[in-house]
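I opened this notebook to record what I looked up about packing in the structure shown below. The entries follow the order in which I went through it.

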Amino acid sequence: MPTGSPRSLAFRLFRAAITIVLVVLLLPYLLAPLYRVVDPVSTLMVGRWITGKRVERTWVPLAAVSAALPRSVLVAEDARFCTHRGVDFGELRAAIEDADDLSDMRGGSTIAQQTAKNLFLWPGRSVVRKALEFPLALWLDLAVGKRRVMEIYLNIAEWGPGGEFGAEAGARHAFGKSARDVNAREAALLAAVLPNPVRRNAKRPGAGVNRLAGIYQARAAKSGSVADCVRR
């Protein structure tokens, strides 16, 4: 095949495209172990920076966060966090059975899955994103560990309507205090707004948020060992 022929050029372009795709797919698996010691940002934060939107985030170690907050987040988002390996296949099976297809699936998303999505993927619901998310969550749980996954999640989750990311910015926006000082009720309110911090407000909670917070606060008070793997 002549070097400059159209077929040769097409082959080189195809090979370059495959190489780029493989690099993009493999990069998260190479980055994840670094996040044991490097404090990452989320793709949503990067997107806001690129478009000139406000981002407020102060990284705080898990030891500097009120113990009530990870406990409330766990009972609200992933009660079996300490016992599964990044994907809760029992919850996943139930969520799939309740959905018409994978893109319509509700629930079943673990803290590790949400962390993988926030670090490496994009928001929204799609079969492709879910397919990428599952192995990433398993790898993140293995390579980073439970406590660090929780620490990363609490520091990259979107927690307010104005670009507030992480527990510290979320607590200061909602209650004017550090994440170290939130009480059980405030922690439950922060957990209740996590699914949609743009429409839900921990500072001025509506009836729905108050109801959820009450449920999470009660569950957290009776949760026993649910947070053992992230204890200080």
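Before looking at any pair of helices, I noted the convention for handedness: a crossing is left-handed if the near helix is turned anticlockwise from the far one by less than a right angle, and right-handed if clockwise. I also noted that this is a predicted model.

Entry on helix 3 and helix 9. With that convention in hand, I looked up the crossing of helix 3 and helix 9 and found it right-handed. The axes of these two helices come within 8 Å and cross at roughly 45°, and that angle makes helix 3 oblique to helix 9. On the helix 3 side I listed A68, L69, S72, V73 and A76, and on the helix 9 side A184, A187, A188, L190 and A191, as the residues that make the contact. Sorted by class, the residues of this contact are nine nonpolar, one polar and no charged.

Entry on helix 3 and helix 10. I then turned to helix 10, whose axis lies 9 Å from that of helix 3, the two packing at an angle of about 110°. Because angles of 65 to 115 degrees count as roughly perpendicular, helix 3 is roughly perpendicular to helix 10. Here R71, S72, V75 and A76 of helix 3 meet Y216, R219 and A220 of helix 10, and the class count for this contact is four nonpolar, one polar and two charged residues.

Entry on the core. Which residues touch the most other members of the largest nonpolar core? I found V73 and W159 in that role, in a core of 54 residues. Helix 3 (68-77), helix 5 (111-120), helix 6 (127-144), helix 7 (146-156), helix 8 (166-175), helix 9 (184-193) and helix 10 (207-221) each supply at least two of the core residues, and the largest share, seven residues, comes from helix 9. I followed W159 further and, leaving aside residues up to four places away in sequence, found that its contacts include L69, V73, L154, F165, L190 and V193, with E164 and P197 also among them.

Entry on G86. Is G86, which I located in the loop between helix 3 and helix 4 (89-98), buried or exposed? Its relative accessible area is 0%, so G86 is buried. Beyond four places in sequence, G86 touches T110, A112, Q113, A137, D141 and K146. For Q113 I also looked up the separation, and G86 and Q113 are 27 residues apart in sequence and 6.8 Å apart in space, C-alpha to C-alpha.

How values were computed: Residues are numbered from 1 along each chain as its sequence is written. This is a predicted model: local features need pLDDT of at least 70, side-chain atom pairs count only at pLDDT 80 or more; totals for chains, interfaces and linings use all residues. Side-chain values use heavy atoms; hydrogens and water are left out. A nonpolar core is a set of buried Ala, Val, Leu, Ile, Met, Phe, Trp, Tyr and Cys residues joined through side-chain atoms within 4.5 Å. Buried means under 20% relative accessible area, exposed over 50%, partly exposed in between (1.4 Å probe, protein chains only). Helices (H or I, at least four residues) and strands (E, at least two) are DSSP runs, numbered from the N terminus. Contact means heavy atoms within 4.5 Å. Axes are lines fitted to C-alpha atoms, for helices over the stretch in contact, and angles run from 0 to 180 degrees between N-to-C directions. Angles under 35 degrees count as roughly parallel, over 145 as roughly antiparallel, 65 to 115 as roughly perpendicular and the rest as oblique. Ala, Val, Leu, Ile, Met, Phe, Trp, Tyr, Cys and Pro count as nonpolar, Asp, Glu, Lys and Arg as charged, and the others, Gly among them, as polar.
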